[in-house]
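This briefing covers strand pairing, a helical crossover and a few individual residues. Please look over the sequence and the model before reading on.

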Amino acid sequence: MPAITEGLNLGDLLKYEAPNLFSRDQVTVASGQTLPLGAVVGIVTATGKVKQIDPSATDGTQYAAGVLMQPCDAALIDREDGLMVARHAILADHALTWPAAITVAEKQAAVLQLKSLGVLIRKGV
């Protein structure tokens, strides 16, 4: 019988959040991307929409602003039902999703940016 593997879920990512949904923000995910649970995102300054973090960008997405709490398919249109951890939370490092070309130093900088928002990244299992 073949083994069945389950993908990551919110419990794998989110280890603590503040009561009364304080840690969460509803966001618009910009079109042209399909992002998984745990994607580290930045906010486009001109539009307020989120995109996957891009350390080489100059539109605001070079800075980590939060982490998506659910997968989001915005391949064709903007999705206004995105949900991200934006403050006062603890997340497991293994459940974060980064762009393919990001360097270790860029990840460390993004983790510090999240920390400044009160989103702590911890070793998780």
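How many bridges join strand 9 to strand 10, and do the two run parallel or antiparallel? Four bridges join strand 9 (residues 89–92) to strand 10, and the two strands run parallel. The model is predicted: local features need pLDDT of at least 70, side-chain atom pairs count only at pLDDT 80 or more, and totals for chains, interfaces and linings use all residues. Residues are numbered from 1 along each chain as its sequence is written, and side-chain values use heavy atoms, with hydrogens and water left out.

**Terms for the secondary structure**

- Helices (H or I, at least four residues) and strands (E, at least two) are DSSP runs, numbered from the N terminus.
- Two strands pair if DSSP finds at least two bridges between them.

**The sheet with strands 1, 9 and 10**

- An open sheet of three strands has the order 1-9-10, and its pairing is mixed.
- Strand 1 (14–17) and strand 10 are the edges; each has a single partner strand, so one side of each is left without a neighbour in the sheet.
- On average, neighbouring strands of this sheet are turned by 15° against each other, direction ignored (axes are lines fitted to C-alpha atoms, for helices over the stretch in contact, and angles run from 0 to 180 degrees between N-to-C directions).
- Between strands 9 and 10, Ala-89 has Val-119 as its bridge partner, and Leu-91 stands opposite Ile-121.
- Side chains alternate along strand 10 (residues 119–122): Val-119 and Ile-121 point to one face and are buried, while Leu-120 and Arg-122 point to the other and are not. Buried means under 20% relative accessible area, exposed over 50%, and partly exposed in between (1.4 Å probe, protein chains only).

**The crossover and helix 2**

- From strand 9 the chain passes through helix 2 to strand 10, and this β-α-β crossover is right-handed (with the strands pointing away from the viewer, the path from the first strand over the helix to the second runs clockwise).
- The 13 residues of helix 2 (residues 104–116) should span 18 Å at 1.5 Å a residue, and the end C-alpha atoms are 19 Å apart, which agrees. The expected span is 1.5 Å times one less than the number of residues.
- Gly-118, just after helix 2, takes a positive phi of about 90°.

**Pairing around strand 8**

- Strand 2 (residues 24–29) pairs with strand 8 in the antiparallel sense over five bridges, and Asp-25 has Met-84 in strand 8 as its bridge partner.
- Strand 6 (residues 66–68) is joined to strand 8 by two bridges, and these strands run antiparallel; Val-67 stands opposite Val-85 in strand 8.

**Individual residues**

- His-88 lies in the loop between strand 8 (79–85) and strand 9, and counts as partly exposed at 41% relative accessibility. The C-alpha atoms of His-88 and Thr-28 are separated by 21 Å, at 60 residues apart along the chain.
- Leu-14 lies in strand 1 and counts as buried at 14% relative accessibility.
- Lys-123 lies in the segment after strand 10 and counts as exposed at 77% relative accessibility. The C-alpha atoms of Lys-123 and Asp-93, 30 residues apart along the chain, are separated by 5.4 Å.

**Ring contacts**

- The charged end of Arg-87 sits over the ring of Phe-22, 5.5 Å from its centre (NZ of Lys or CZ of Arg within 6 Å of the ring centre and within 35 degrees of the ring normal).
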